[in-house]
Amino acid sequence: MPTQNWMTKAILALALAGVALAAWPQAARSQTAEITVVGLGAVLAGDMAAARDKAIDDAMRKAVQQALGTNIKSETLVQNYQMVEDRILAWSAGYVSKYDILREGAGKYDTYEVEMRATVNLSDLKNDDSALAELLQKENPRVMVMIAEQNIGESDRWYYFQVDMTAAETAIIDAFRGKGFEVVDPAQAKENQNRDQVLAAIEGDARMAAAIATAQQAELIITGKAVATVAKTTVNLGGMKSCQANITAKVVRAGDARIIATASDNAAAPHIDEVTGGTKAIEKAAKKVSETLLTKVVAEAQKNFYNENNISMQVQGHQNYAELQRFISTMKLNMRGLRNVYERNTAGGVAMLDVKILGTAAQLARELANKELSPFTVDIVKVMPNRIDLKIKQAAQASEPVEAAPDSSSY
């Protein structure tokens with residue numbers, strides 16, 4: 001029965017090809033999902049417009065919630081569902097790239113009802129739901145490392161500027177690169193920044209460190225010092241020297257100059273040559289410090305993902321202080337994930353706000369860009385891990401119709 005076997009194989013091949021062709025377009029459009037939901041808004045004091053806005057918000061939230069439940073099955077979601085739900089659903093508008101109102105009108109029990117077909121961006125949803133690795137990949141924080149070192153016999157204050165990269169910097173950079181961080185070359189800062197400013201940052205000035213990081217387009221900067229010495233001992237080491245190294249380092253966030261991690265450690269390396277032994281001791285100590293810093297940076301990122309965060313917001317475009325206050329009130333009224341807004345400084349048409357949110361700067365920026373914040377439109381200028389720069393514009397108020405003056409010619 002060779003003919004029947006051949007035909008069976010041919011039919012099976014065609015069937016598999018059909019399945020593959022049918023599956024391909026589904027995979028190709030797998031980054032978004034169209035979901036139809038009904039949202040409700042309570043009508044209070046007869047305000048139908050406000051009830052409609054609430055109904056639209058409710059529909060968006062339900063669409064994202066449905067997408068979260070049917071498309072995202074990560075372990076993070078299962079283990080921390082309530083936190084992830086609060087953390088993501090508070091920013092629903094940021095995940096809905098498009099929506100069409102299919103039906104709307106008064107509903108039962110003093111409600112306004114909106115039936116919506118929403119297009120949910122699954123890529124953003126998956127990224128924000130995923131665990132730390134994906135979070136780091138999404139935010140892709142760039143790190144720069146500036147560690148001055150004083151090896152055995154070295155006392156030149158300017159030695160740091162005579163080498164492209166110290167042994168401590170090399171060890172820490174290798175550790176962070178190994179975990180997927182993008183690292184900015186510290187040699188750029190040595191060339192481009194004022195030397196006194198660089199030394200001030202290395203000595204512990206967090207604001208100077210943040211300024212250097214911002215200038216070099218890094219989101220995190222690690223600064224510190226490493227010192228190597230020869231241990232005095234009466235033990236016969238056969239000509240070897242007991243070289244010791246101590247290192248201290250801190251991680252500063254560029255957006256707000258906040259220190260998010262510190263570490264110090266030491267190591268020893270016997271060697272016949274003091275300088276070589278000192279270098280090896282510094283490398284060993286730097287590797288140990290790297291592990292501590294990485295653990296703390298990761299913990300900070302996780303905390304930022306699930307807890308309240310303070311986002312620095314620079315606002316421009318308001319005509320006066322009263323308009324800035326209206327914009328702040330509009331944000332508070334319309335953004336569920338926003339906990340509070342604190343004014344830090346207002347001068348020359350530029351306002352600095354501290355915005356406390358349950359989420360990240362990226363989520364807040366997406367929400368501000370997509371959400372209806374009438375009468376304001378928001379132009380996002382810059383987004384960093386803990387800072388957003390934006391410009392606002394208020395729509396012109398509709399002028400009251402002016403009644404035409406009676407034609408005096410008829411009198």
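User: How should Y160 be classed in this model, as buried or exposed?

Analyst: Burial is judged by relative accessible area: under 20% is buried, over 50% is exposed, and a value in between is partly exposed (1.4 Å probe, protein chains only). Y160 has 3% relative accessibility, so Y160 counts as buried. F161 is likewise buried, with a relative accessible area of 13%. Please keep in mind that this is a predicted model, in which local features need pLDDT of at least 70 and side-chain atom pairs count only at pLDDT 80 or more, while totals for chains, interfaces and linings use all residues. Residues are numbered from 1 along each chain as its sequence is written, and side-chain values use heavy atoms, with hydrogens and water left out.

User: How many aromatic pairs are there?

Analyst: A pair of aromatic rings is described by the distance of the centres and the angle of the planes. Rings of Phe, Tyr and Trp (its six-membered ring) pair if their centres lie within 6.5 Å; planes under 30 degrees apart are stacked, over 60 edge-to-face, and the rest tilted. The count here is three aromatic pairs. In one of them, the ring centres of Y160 and F161 are 5.5 Å apart and the planes stand at 80 degrees, so this pair is edge-to-face. F176 and F181 also form an edge-to-face pair, with 5.2 Å from centre to centre and 65 degrees between the planes. Both F176 and F181 are buried.

User: Which residues have the most contacts inside the largest nonpolar core?

Analyst: In soluble globular proteins, nonpolar side chains tend to be buried together. A nonpolar core is a set of buried Ala, Val, Leu, Ile, Met, Phe, Trp, Tyr and Cys residues joined through side-chain atoms within 4.5 Å. The largest one has 34 residues, and I147, I172, F176, I222, I247, V251 and L293 have the most contacts inside it. Two or more residues come from each of β4 (142–150), α8 (167–178), β6, β7, β8 and α12 (274–306). The greatest share belongs to α12, which gives eight residues. Apart from this core lies another, of 24 residues, which include L338, V355, A361 and L390.

User: Which residues does V251 touch?

Analyst: Contact means heavy atoms within 4.5 Å. Not counting residues up to four places away in sequence, V251 touches L220, I221, I222, R258, I259, I260, A261, L293 and V297.

User: In which sense do strands β7 and β8 pair?

Analyst: Helices (H or I, at least four residues) and strands (E, at least two) are DSSP runs, numbered from the N terminus. Two strands pair if DSSP finds at least two bridges between them. Strand β7 (residues 241–253) and strand β8 (residues 259–271) are antiparallel, over 12 bridges. S242 has P270, in β8, as its bridge partner. Five residues lie between the strands of this hairpin, where A257 takes a positive phi near 60 degrees.

User: Where does M240 lie?

Analyst: M240 is in the loop between β6 (220–230) and β7. With 36% relative accessibility, M240 counts as partly exposed. M240 and I272 are 32 residues apart along the chain, yet their C-alpha atoms are separated by 4.3 Å. Beyond residues up to four places away in sequence, M240 touches P270, H271 and I272.

User: What does the side chain of D354 make a polar contact with?

Analyst: A polar contact is a pair of N or O atoms within 3.5 Å; within protein, one must be able to donate a hydrogen and the other to accept it, and residues adjacent in sequence count only if both atoms are side-chain atoms. The partner of the D354 side chain is the side chain of R344, at 2.6 Å. D354 belongs to strand β11 (residues 350–358). Its relative accessibility is 13%, so D354 counts as buried.

User: How many residues of helix α14 are buried?

Analyst: Helix α14 (residues 361–370) is mostly covered, with seven of its 10 residues buried. These are A361, Q363, L364, A365, R366, E367 and L368.

User: How many helices and strands does the chain have?

Analyst: The chain has 14 helices and 13 strands. Of its 411 residues, 42% count as buried.
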